[in-house]
Amino acid sequence: MGRRSGVLEFAVLGLLHDAPMHGYELRKRLNILLGTFRALSYGTLYPCLKSLVAQGFLVEDNPDVEYVPATALNGKRSKIVYRLSAEGKQRFEELLADSGPDAWEDEHFGVHFAFFGQTDRAVRMRVLEGRRSRLEERLERMRNSLARARERFDDYTVELQRHGLESVEREVRWLNELIETERANRTGRPGPANGTTAVHPQTSDGRGQEDGSQDPPEPPYDRPGRSAQER
């Protein structure tokens, strides 16, 4: 199974683990819960559902009840309700426990994080620390690339690379806070009042930002549009 289809399988099983639902409702839930991470392709949702049914992970209920979705203008669709089988629940638990390198990548990490409330604390720590390690490696490459870009490219290209670098730096800071919170809870030391970090998920492409955060100081190079006095 490909990486993207694996992400979709995990998301579908995770949502259906809470309650059975029909495909139209599942699409809405996927959009609300995971749309921020842009990990899903709706063009593959229904083939994914059929595949999960064929593998015995999902069961179809009420296949003969018909309805007209609110957005449909013509025709009817079967209101098939999908629910997890015993094998499907076991498969979800296996995916939930995965803390290997795939769980650290951009799309997989987003889905894993969405189900952290159902994940064992030790697995959460391994995923968070693995993600941080992966991004620290990315930061080193980006800093080297930025240093070369200042000599080879115009100010706008440099500015674009600086923006990407700052996005990754923000996510590393966010991960550091999450890891510290997990460690505090594990050792019994006081953490945030609600038991979770007070920051928002931050992915390395710049979506989202922690509450009250400040951008890092600007590097000492000329940005586009800066006056001589500003320089």
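## A walk through the predicted model, starting at Gly23

Let's start with one residue: Gly23 is buried, with a relative accessible area of 5%. "Buried" here means under 20% relative accessible area, while exposed means over 50% and partly exposed is anything in between, using a 1.4 Å probe and protein chains only. Before going further, a word on what you're looking at. This is a predicted model, where local features need pLDDT of at least 70 and side-chain atom pairs count only at pLDDT 80 or more, while totals for chains, interfaces and linings use all residues. Residues are numbered from 1 along each chain as its sequence is written, and side-chain values use heavy atoms, with hydrogens and water left out.

Back to Gly23, which lies in helix α2 (residues 23-34). Helices (H or I, at least four residues) and strands (E, at least two) are DSSP runs, numbered from the N terminus. What is Gly23 in contact with, leaving aside its neighbours within four places in sequence? The list is Leu45, Tyr46, Ile80 and Tyr82, where contact means heavy atoms within 4.5 Å. Gly23 and Val81 are 58 residues apart along the chain, and their C-alpha atoms are separated by 7.0 Å.

### The whole chain

Now zoom out. The protein chain has seven helices and five strands, and along the sequence they follow the pattern α-β-α-α-β-β-β-β-α-α-α-α. Of its 231 residues, 40% are buried. If you take the contacts with a separation of 6 or more, 63% of them are between residues 24 or more positions apart. The accessible surface of the chain comes to about 13,100 Å², and 48% of that belongs to carbon and sulfur atoms. These areas come from the Shrake-Rupley method with a 1.4 Å probe; for residues, only the protein chains shown count as cover.

### The sheet and the helix across it

Three strands make an open sheet in the order β1-β5-β2, with antiparallel pairing. Its edge strands are β1 (21-22) and β2 (58-61), each of which pairs on one side only. Two strands pair if DSSP finds at least two bridges between them. β1 and β5 are joined by two bridges, and β2 is joined to β5 (residues 81-84) by four. Here are some partners to look for:

| Residue | Partner in β5 |
|---|---|
| His22 | Val81 |
| Val59 | Arg83 |
| Asp61 | Val81 |

Helix α3 (residues 45-54) lies across β2 and β5, and it runs at about 105° to β2. For that angle, axes are lines fitted to C-alpha atoms, for helices over the stretch in contact, and angles run from 0 to 180 degrees between N-to-C directions. Which residues of α3 are buried? They are Leu45, Cys48, Leu49 and Leu52. These cover an arc of only 100° around the axis, which puts them on the same side of α3. The arc is that of the directions from the helix axis to the C-beta atoms. Lys50 and Ala54, on the other side of α3, are exposed. A bit of background helps here: an α-helix has 3.6 residues a turn, so residues three or four places apart point the same way. After α3 comes Gly56, whose phi is positive, near 85°.

Helix α4 (residues 86-96) has its own set of buried residues: Gly88, Phe92, Leu95 and Leu96. Seen down the axis of α4, they fall within an arc of 100°, so they line one face of the helix.

### Aromatic rings

Next, the rings. Rings of Phe, Tyr and Trp (its six-membered ring) pair if their centres lie within 6.5 Å; planes under 30 degrees apart count as stacked, over 60 as edge-to-face and the rest as tilted. How many aromatic pairs does this rule give? The count is seven. In one of them, the rings of Phe113 and Phe116 have their centres 5.2 Å apart and their planes at 45°, so the pair is tilted. Phe113 and Trp174 also have ring centres 5.2 Å apart, with planes at 55°, so this pair is tilted. That pair links distant parts of the chain, with Phe113 in helix α5 (residues 106-114) and Trp174 in helix α7 (residues 155-187), 61 residues apart. Phe113 and Trp174 are both buried, and Phe116 is buried too. Together with Phe109, these three form one aromatic cluster.

### One more stop in α7

Helix α7 also holds Glu166. Is Glu166 buried or exposed? Glu166 is buried, with a relative accessible area of 8%. The C-alpha atoms of Glu166 and Leu139 are separated by 9.2 Å, and the two residues are 27 residues apart along the chain.
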